[in-house]
Amino acid sequence: MRRIEALRILAGKLADELVVTSLAGVAREWAWIADRPRNFYLRHSMGLASSVGLGLALARPGERVIVLDGDGSVLMNLGSLCTIANCAPPNLALIIFDNQAYASTGLQPSATAGRADLAAICRGAGIGEVAAVGDPARFQAAVEAALACRGTAAVIARVAAEPVQGPKITISTWENKHRFLRAIGVDTGGD
Amino acid sequence: MSGGSPSAPVPGSAPGPAPAPAPGPAGRPLPWADAILDGLKRAGIDLIVTVPDMKIVSLIRAVAADGSMELVRAAREDEAVGIAAGAVLGGRRAAVLIQNAGLLASVNALACLDGLFGIPLLLLVSYRGDMGERERSHRPVGKATEPVLKALGLPYFVLRKVEDASDAVVDAAVVAGSGDTAAALLLSNALFRNA
């Protein structure tokens, strides 16, 4: 399965969910096919997408938060999976695209190309609903289940390692933040 | 989580022989912790993300016992910054309660998440290695703490007196909000000693 293909399936399933993306490929491809005010693209802080997603999920209990992450990013912040499992927000879904590589820097292998198993790690962290899928039909079913889930869900989607699709993100970080805050009606108190 | 328990040691807590500040009589928070809790309430803080340190145990307990703020226990301090930043984006008023070693571990999160997007955040940081530190092992982090905050361009205040505590929390929250920035209060040994 190609990641862009999976993202198109996901885009067809979303309504007003809040989406936090990791950096690099997943952010660019999601911005390319599904740019929307309720997207927040992390641009540099690798590994923190799931943490930001947890904070959002705790702050917005009436809305569903989806984190689009990658294997390299998740491997940088494995403790976050444990924190998320213990907080257990019922409105948080982690979708982790595992291409077993650091694709944006030239496809160096990540630990999941070796012995690491992100689904087992998620289960071990205590996340209750974990699915590992590798084809579009199963991905679609797993996403539907995650979106309907009343607990924290994780979908590990095995995807091909390939160069990033789509153009660079052009929205500035400042504009991205304010567009996001306006979309959900938040005033952080700043100027 | 199999084999885990809420009381298990968390990475980032300080090892070593230094005595933890004792909780007050009958579990009451120490006066400095009470004063900071008062400031947090006046500042409207409603969510605290923490990785424990011996020096701030009394404050963590005070927040937990008070019950008016949501308390999230993170595994690592840059993760705590990420959680708090996400909560602020969702409309909460969040503070991070950590040791200064964890502040140094959070530099990228502070620069490239909090700083890049301009997210107001209150950092309450135990200032290990500052004046009065008895443990040699904390000195390297102590020496680097203020230079790193300056390099990040973050407003900060070294809190040494209990009578300053409540207002300092409010002032730091105000500058964080008006400046779309993280702002730090360094909780120094004198504060704990004078408690």
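Below, a colleague asks how some labels on this predicted model are justified.

Modeller: Local features need pLDDT of at least 70 and side-chain atom pairs pLDDT 80 or more, while totals for chains, interfaces and linings use all residues. Residues are numbered from 1 along each chain, chains are lettered from A, and side-chain values use heavy atoms, without hydrogens and water.

Colleague: Why is A:Asn176 called buried?

Modeller: Buried means under 20% relative accessible area, exposed over 50%, partly exposed in between, with a 1.4 Å probe and protein chains only. A:Asn176 has 0% relative accessibility, so A:Asn176 counts as buried.

Colleague: Which residues does A:Asn176 touch?

Modeller: Contact means heavy atoms within 4.5 Å. Leaving out residues up to four places away in sequence, A:Asn176 touches A:Asn39, A:Phe40, A:Tyr41, A:Ile171 and B:Phe117.

Colleague: What does the side chain of A:Asn176 reach at 2.9 Å?

Modeller: That side chain reaches the backbone oxygen of A:Asn39.

Colleague: What makes β5(B) and β6(B) a pair?

Modeller: Strands are DSSP runs of E, at least two residues, and helices runs of H or I, at least four, numbered from the N terminus. Two strands pair if DSSP finds at least two bridges between them. Strand β5 (residues 156-159) and strand β6 (residues 182-187) of chain B have 4 bridges, in the parallel sense, so the definition is met. B:Phe157 stands opposite B:Leu185 in β6(B).

Colleague: What is the hand of the crossover from β5(B) to β6(B)?

Modeller: The chain passes through helix α7 (residues 162-179) of chain B, and this β-α-β crossover is right-handed: with the strands pointing away from the viewer, the path from the first strand over the helix to the second runs clockwise.

Methods:
A polar contact is a pair of N or O atoms within 3.5 Å; within protein, one must be able to donate a hydrogen and the other to accept it, and residues adjacent in sequence count only if both atoms are side-chain atoms.
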